[in-house]
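Here is my note on the model you sent. It takes the ligand site, then the domains.

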Amino acid sequence: MIYLDHNATTPIDDHVLEAMLPFLKSFYGNPSSLYRHGRIVRSAVDAAREQVAALVDAPPSQVIFTSSGTESNNLALATLPFQGKLSISAIEHPSITEPALRLKSLGSILSIINVDANGLITPESIDDNIKRKPDLVSIMLANNETGIIQDLAPYVKKLRANNITVHTDAVQALGKIPVSFNRLGVQLMSLSSHKIYGPKGCGALIFEKGTEIKPILLGGGQEQGLRAGTENAAAIVGFGKAAELAKTELAKRFEQLLALRKLLEDGLTTIPGLTIFARQADRLPNTVQFGIPEIDGEMLLMKLDQKGFAVSSGSACASDGNLPSQVLIAMGVEERLAKSAIRISLGVSNTQAEIYKFINQLKALVCQA
Ligand code: PLP
């Protein structure tokens, strides 16, 4: 199989697995236990906290480990005051839109920040939303489908000057572009391990000191009392190792992925009628989303699967529905073209030969259709 769906998940790095194994076998102590067997695990969790913090340029004491990017996003939105005002961008992941809709059903006021044809949030929509005086704004740093990167820092400055708490979902940006919690200036940032060659089922919420976090899980006092539950030490250690590798290899990975993406895009543009969405926008180096008129994205995905290629037709987490990509609809893409969308997300083990094979196969399938 040629795997081209790294925004859905990445394979675990060998060094990450190696770092995790002792914590699945020998060091099984509870990190909250006071005896040595527990303290060893506690130190490993704290070392991982430092590694994750270093990747996003934040103090380790401001990292809360969670079970996933999804949990981090839910925890971030839970900071909204009861029946408060929330604004989210029109292109958020379901792990933001769904809790936002739940909050709305419980009496909160929800507004949407619009994006332009390139998927970038518009300054006018930010201003409109500021006028509504939201308590919390959530805007993702990079989009999982199109790869579009938002120029967030100036907006954050403006929002914070109006006493608005700002959260960013940095799950897809992490490990692909430099991410600095301090430079962005947000109060809350969500991360996930399995998008950066770490294990699944592990994430983090980075928070600014003084931000009022309301824990969703109550129980023991783990994670400064902000996320109860015995820590998944092996996964956290793996996340830490993956973060360390991502930091040292960031520039190399970026160049490698960008070169592969260019090759892919050069090939794609030889297919008549094919549109690369938001091609001119600043995008993640590994992500390309395209559409071909009159071709159903899900059908094409299944045919590519039969030929041994793993791709996505949009957000992996919503791929069981036959709805057009809501991200593309928000960008003003016509519904029929949006329904044809295919997302390719490259990873560090992809090769030029795989890209050529993919292009040839895609051409053959499109000709048959
Ligand atoms: N946010 C974005 C932008 C994502 O792409 C994803 C997963 O695809 C998530 C959040 C959820 O992360 P997790 O799979 O760790 O729950």
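**Notes on the ligand site and the domain interface**

1. The shell around the ligand has 15 residues. T70, D169, Q172, S192 and K195 are the closest. Keep in mind that this is a predicted model.

2. What is the make-up of the shell by class? Ten of its residues are polar, three are nonpolar and two are charged. Helix α3, residues 69–77, is the element that gives the most to the shell. Its share is three residues.

3. Three side chains deserve a look for their polar atoms. In Q172, a side-chain N or O atom lies 2.8 Å from an oxygen atom of the ligand. For H194, the distance from a side-chain N or O atom to a ligand oxygen is likewise 2.8 Å. H93 places a polar side-chain atom 3.4 Å from an oxygen atom of the ligand. As for burial, the ligand taken alone exposes 390 Å², and the protein buries 92% of that.

4. Now the domains. The assignment gives domain 1 as 2–9 + 250–368. Domain 2 is given as 14–245. Between their C-alpha centres the distance is 27 Å.

5. How many residues of each domain are in contact with the other? The count is 28 from domain 1 and 28 from domain 2. About 2,500 Å² is buried between the two domains. Carbon and sulfur atoms give 57% of that area. On the domain 1 side, the residues that lose the most area to domain 2 are L250, R253 and L284. Together they make up 24% of what that side buries.

Key:
Residues numbered from 1 in each chain as written. Predicted model: local features only at pLDDT ≥ 70, side-chain atom pairs only at ≥ 80, totals over all residues. Heavy atoms only, no water. Near = heavy atom within 4 Å. Polar contact = N/O pair within 3.5 Å; in protein donor to acceptor, adjacent residues only side chain to side chain. Areas by Shrake-Rupley, 256 points an atom, 1.4 Å probe, with all protein chains shown as cover. Helix = DSSP H or I, 4+ residues; strand = E, 2+ residues; numbered from the N terminus. Nonpolar A, V, L, I, M, F, W, Y, C, P; charged D, E, K, R; others polar. Domains from an automatic or database assignment. Contact = heavy atoms within 4.5 Å. Buried area = accessible area lost by both parts, 1.4 Å probe.
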